[in-house]
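Me: Got a minute to go through this one with me? I'd like the metal site, the core and the empty spaces.

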Amino acid sequence: MHIHVMGSGAGGGFPQWNCNCNNCKGVREGTVKASRRTQSSIAISSDGVDWILFNASPDIKKQMDDFPALQPAREVRDTAIKAILITDAQIDHVTGLLTLREHNKPWDIYCTEAVHDDLTTGFPVFNILGHFRGINWHEIKTDLESFTIPAAPGLIFTAVPLKSEAPPYSPHRHNTVPGDNVGIRVEDTRTGKNVFYAPGLGVVEDHVLEFMRNADVVLVDGTVWTDDEMSKEGISDKRAQEMGHINQSEDGGTISFLNSMERPRKILIHINNTNPILNEESAERQVLNNAGIELAYDGMDIEL
Ligand code: MLT
Ligand code: MN
Ligand code: ZN
């Protein structure tokens with residue numbers, strides 16, 4: 001299977017439009033060695049022709065312009081995106097659906113009932129698309145039952161319920177229900193290889209660890225280095241945990257559990273602009289390098 005990183009940043013991207021944290025200011029001024037990042041999304045294909053989009057970020061226009069495979073130009077109106085899978089209803093993962101409103105048929109959208117609820121009430125993107133060509137909703141269950149997507153022959157998908165947070169406009173913001181957040185395992189039956197994708201991860205439960213341990217590639221939540229990172233930068237008094245994101249560096253953080261795994265190639269995605277690992281010359285980036293943990297970057301391609 002082919003995996004293409006459309007965007008590797010967290011909400012707001014990097015640099016964020018209104019942010020003057022060390023990283024954002026530094027990358028704008030050229031004083032910090034770092035790459036700009038759009039908001040998180042990936043695309044997966046079994047044949048390199050038809051693609052499944054995982055989350056639709058507000059930056060999707062740029063992301064598609066930068067990835068010509070998504071515009072094969074076979075007809076006057078065309079796209080290589082055949083279906084869209086949504087892992088949660090957060091703004092950075094769904095707003096791009098509005099950009100895709102000109103599609104000439106209903107979009108095939110795969111998401112849980114909890115996500116569907118939020119996207120038809122608190123943030124009614126699906127209702128809005130109903131005034132265009134609409135959507136065909138394919139419900140993703142949270143019982144770990146695998147499913148297939150017709151446009152991705154040979155790939156098997158499994159949704160893994162995760163503990164994170166629901167979006168701010170959700171009735172279950174801090175009182176989550178199964179399906180508010182899922183990680184997705186995609187296995188290629190021809191190669192036997194699988195990737196586990198979880199851009200928003202608050203608590204790493206045992207069943208999630210198991211999926212990661214058995215993956216060939218993990219693409220996981222790389223939002224923050226420390227839980228109090230936003231307040232340290234004077235940006236917000238919110239802890240990452242309150243927003244549903246585990247930190248990387250503290251006890252029980254991402255580095256410690258990734259270090260315990262032998263099999264997977266380990267890649268962080270959904271990296272917030274405050275995170276010191278974005279600075280390629282930082283001590284924190286060196287810690288990741290030493291641990292063999294990579295940062296996803298926009299345009300990164302992975303073959304499995
Ligand atoms: C998150 O990942 O917690 C959200 O995307 C934050 C946001 O709304 O930007
Ligand atoms: Mn986010
Ligand atoms: Zn910033």
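Reply: Here is a quick run through the model, topic by topic. It is a predicted model: local features need pLDDT of at least 70, side-chain atom pairs count only at pLDDT 80 or more, and totals for chains, interfaces and linings use all residues. Residues are numbered from 1 along each chain as its sequence is written, chains are lettered from A and ligands numbered from 1 in the order in which they are written, and side-chain values use heavy atoms, with hydrogens and water left out.

Me: Metal first. Which protein donors does the manganese ion have?

Reply: D92 (OD) and H270 (NE2), at 2.1 to 2.2 Å from the manganese ion, ligand 2. Donors are N, O and S atoms within 2.8 Å of the metal (3.2 Å for Na, K and Ca); water is not among the atoms, so sites may look incomplete.

Me: Where do D92 and H270 lie?

Reply: D92 is in helix α3 (residues 91-94), and H270 is in the loop between β11 (265-269) and α10 (283-291), so the pair ties together parts 178 residues apart in sequence. Helices (H or I, at least four residues) and strands (E, at least two) are DSSP runs, numbered from the N terminus.

Me: Are D92 and H270 buried or exposed?

Reply: Both are buried. Buried is under 20% relative accessible area, exposed over 50%, partly exposed in between (1.4 Å probe, protein chains only).

Me: On to the core. Which residues touch the most other members of the largest one?

Reply: F196, M212 and L258, out of 33 residues. A nonpolar core is a set of buried Ala, Val, Leu, Ile, Met, Phe, Trp, Tyr and Cys residues joined through side-chain atoms within 4.5 Å.

Me: Which element gives the most to this core?

Reply: α7, with four residues.

Me: What is M212 in contact with, beyond its neighbours within four places in sequence?

Reply: F196, L201, V204, V218, V220, F257, L258, M261 and P264. Contact is heavy atoms within 4.5 Å. Another core lies apart from this one, with 31 residues, among them V5, I140, V195 and I267.

Me: Now pockets. What volume has the largest one?

Reply: About 730 Å³. Of its 28 lining residues, Q71, D78, T79, H103 and W107 are the closest to its centre. On a 1 Å grid over the protein atoms alone, a pocket is an open set of points with protein on both sides within 12 Å along at least five of seven lines; a cavity is a set where a 1.4 Å probe fits but cannot get out; lining residues have an atom within 4 Å of a point. Grid points are joined across faces, edges and corners, and a volume is the space filled by probe spheres set on the points.

Me: And which residues are closest to the centre of the second largest pocket?

Reply: G11, G12, Q90, D92 and M243, of 24 in the lining. So a manganese donor, D92, is in that group. The volume of the second largest pocket is about 630 Å³.

Me: How many cavities of 30 Å³ or more?

Reply: One. The largest cavity has a volume of about 60 Å³. Its lining includes D88, Q90, H93, M243 and H270.

Me: Last thing: how far apart are the C-alpha atoms of A73 and P276?

Reply: 40 Å, with their places 203 residues apart along the chain. A73 is in the loop between α2 and β4. A73 counts as exposed, at 57% relative accessibility.
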